[in-house]
Amino acid sequence: MRLICLKRSIAPRAWLQARSFSSPAVQEDDEYTASPQYPPILDLSYKKKLDRSFEKNRTEIRNVKTVEEKQLKLNMPRYYGFKTFMFHEDHIPYNCLPIAQHITKTHLIQDKELPAYYQNVSAENLETIAKDIEEAVLMEVEGIRKSYELREENLEDHDKANLHASAIVKSLSRILNNSLAHQYPHIADSQVDIEPRLEAAWRVGGMVPPNEVKRVRAGHHFFKQFENDPIDRVIGYMGAPILTLRSQLPLPCIISASEAENPALEVPFFKYDPRVIGIPVEYRHAANIPGFWPGDSHTFGLISFLKTGHLKKRSVVYPGEENVTEALNVQGVLASYGWLHSQANYLGFTTLNDLTYPLVTQTVLTNGQDFKFFTYQLNTLLMHGNHTTENPKRNVCWTTDNVKLYAEINDGKIVGLNEDVLKMLLQFYGNAPAERLGINMRPYLSQEEKIIADYEDDDKRQWLEREYKYIMTNRPRLQPIDEIYAWEKIYKIDHKTRPMDKRLRFFELFKKPWTKRLDERPARYIPKACRPDLPKYKGRMAKEYWP
């Protein structure tokens, strides 16, 4: 017995000795260095750990190759979507300009005229175009009025205003495109979208935490010191412009990047929960869609026209409101930022990875008679966490007063046609986009595969396309999120009167269903008939390509 034990104890040592001889000799140059090399000393405090984790996530999103995969990576932490504060184009709460500027980090400049930059943009053929526009406006207004009178449809005032705005804007766009295409090549090459889907989502910090978060923090001895620390909110915007124009090149900048860091460009700081002014909350995936899918050659927005029929309802909802200019400013700021933000996501930038160059767009708000013009320059996307106060860049928006295209229509004729409105429209259309020399327009996208259509693998391309479109549609999941029923709250949580029940529910297993990730779901099952060449228990689950 002793001899056997000795042999067993010796054998492993001999094996280790043989292993040691088989390994290559260690070089002295690899073992020793001229100066001592120490690992970095990390701050192990709670906030620093969160910062390093957030920085790691930001770097991972930046290194993702394609546009669609970046959007999937942004939505990866939440299978059921984020708790999102939704801003809609036609729903503008009372006195919400400060929060609109805060969540977009926008400095608003209101003047009677457009910025001085537009003085260099010519407005030729004004008289010829004015006659065509006058006839088109008269035809659209009278045509809409007669068509709905013959149908005897009782439309609401805001629906009538939206119909007038849509018809007149489409006629104006047709006339301006036909009249200026020979003079401006960018108009002839532009893409026109009718009522496109506009959606954007981003993160904003600096707001006080909600009561439920403060209550949870106060109930734990470690997190009590962070009870009042601000948390990030996910902001969503949805809109449907009447008409948009897109080009292959971006518009020139109005101000330089250094001027955008001027502290004189003040931005209001709104620290309260958005629900205090009536902003609704939904659980949604972060979708960024500027009215077209990735891969379109015309990525940069030129002009967007928005309808303002919702103002007709404000006199009923907010009877004490006398001036609606603030509501128009909110609509213009949110629509301009939302459109540019979604365009920036198609260029490879995200709410966590900032722009490397500014983007500019032009926005027109109208009900068919009243016009308000906006020029918006997007300089930064970083508004989460400490960037709310530490990021020196500001986005800048210039807007004009609300002006009328015509005074009235009397006896089938337009009275008081305002040529200043036509001049500003011509200046918007005449503002030609230009190439940014020496600037990489897509620095965070791969040189070989910028969109998933560039992948050669058919399975990967089809899988990513299907998952991306499903996330962007924001359809509800087949299996709804788990919830605590009333009887469970009473008998299992509050009073604990069922100790013999088997612990199967998520709150009994200490799970949080709302923190489920996208890649934690089971893969698609492949039936045995579809895999005849494989053994019975192999290849049952389809391959997935999560970024």
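Student: Why does Q343 count as buried?

Tutor: This is a predicted model, so the value comes from its coordinates. Q343 has a relative accessibility of 2%, and buried means under 20%, so Q343 counts as buried.

Student: Where does Q343 lie, and what does it touch?

Tutor: Q343 lies in helix α11. Leaving aside residues up to four places away in sequence, Q343 touches P290, T299, F300 and G301. There's also a C-alpha distance to look at: Q343 and L359 are 16 residues apart along the chain, and their C-alpha atoms are separated by 9.0 Å.

Student: Staying with α11, what makes α5 and α11 roughly parallel?

Tutor: The axes of α5 and α11 cross at roughly 15 degrees and come within 9 Å. Angles under 35 degrees count as roughly parallel, and that makes α5 roughly parallel to α11. As for handedness, α5 passes α11 in a left-handed crossing.

Student: Which residues meet there?

Tutor: From α5 you have L97, A100, I103 and T104, and they meet E326, N329, V330, V333, L334 and Y337 in α11. Sorted by class, that contact has seven nonpolar, two polar and one charged residues.

Student: Why are α7 and α13 called oblique?

Tutor: Helix α7 (residues 157–180) and helix α13 (residues 419–430) have axes that cross at roughly 60 degrees and come within 11 Å. Roughly parallel needs an angle under 35 degrees and roughly perpendicular runs from 65 to 115. Roughly 60 degrees fits neither class, and α7 and α13 are therefore oblique to each other. The crossing of α7 past α13 is right-handed.

Student: What makes up the contact of α7 with α13?

Tutor: On the α7 side it's L172, S173, L176, N177 and L180, and on the α13 side L425, L426 and Y429. Those residues divide into six nonpolar, two polar and no charged.

Student: How do you know that α4 is largely enclosed by the rest of the structure?

Tutor: Count the buried residues. Helix α4 covers residues 67–75, and nine of its nine residues are buried, so α4 is largely enclosed by the rest of the structure. They are V67, E68, E69, K70, Q71, L72, K73, L74 and N75. What covers them includes α3 (46–63), β1 (82–88), α11 (325–346) and α14 (458–473).

Student: What makes α4 oblique to α14?

Tutor: α4 and α14 pack at an angle of about 55 degrees, with their axes 10 Å apart. That value sits between the roughly parallel limit of 35 degrees and the roughly perpendicular range that starts at 65, which makes α4 oblique to α14. Their crossing is left-handed. E68, E69, Q71, L72 and N75 of α4 make the contact with K460, L464, E467, Y468, I471 and M472 of α14. By class, the contact of α4 with α14 has five nonpolar, two polar and four charged residues.

Student: What makes the phi of N95 worth a look?

Tutor: Most residues other than glycine have a negative phi. Phi of N95 is near 55 degrees, a positive value in a residue other than glycine. You'll find N95 in the loop between β1 and α5 (97–104). N474 is another one: it isn't a glycine either, yet its phi is positive, about 55 degrees. N474 is in the loop between α14 and α15 (486–494).

Student: Why does N95 count as partly exposed, and N474 as buried?

Tutor: Set each value against the cut-offs. N95 has 45% relative accessibility, which falls between 20% and 50%, so N95 counts as partly exposed. N474 has a relative accessible area of 17%, and buried means under 20%, so N474 is buried.

Student: How do you know that C96 is in no disulfide?

Tutor: A disulfide needs two cysteine sulfur atoms within 2.5 Å. A search of the whole structure finds zero disulfides. For C96, the nearest cysteine sulfur is that of C397, 14 Å away. At 3% relative accessibility, C96 counts as buried.

Student: And why is the sulfur of C253 too far for a bond?

Tutor: The closest cysteine sulfur to that of C253 is in C397, and it's 15 Å away, too far for a bond. The relative accessible area of C253 is 28%, so C253 is partly exposed.

Technical notes: Residues numbered from 1 in each chain as written. Predicted model: local features only at pLDDT ≥ 70, side-chain atom pairs only at ≥ 80, totals over all residues. Heavy atoms only, no water. Axes fitted to C-alpha atoms, helices over the stretch in contact; angles between N-to-C directions. Helix = DSSP H or I, 4+ residues; strand = E, 2+ residues; numbered from the N terminus. Parallel < 35°, antiparallel > 145°, perpendicular 65-115°, else oblique. Left-handed = near helix turned anticlockwise from the far one by under 90°. Contact = heavy atoms within 4.5 Å. Nonpolar A, V, L, I, M, F, W, Y, C, P; charged D, E, K, R; others polar. Buried < 20%, exposed > 50% of the residue type's maximum accessible area, 1.4 Å probe, protein only.
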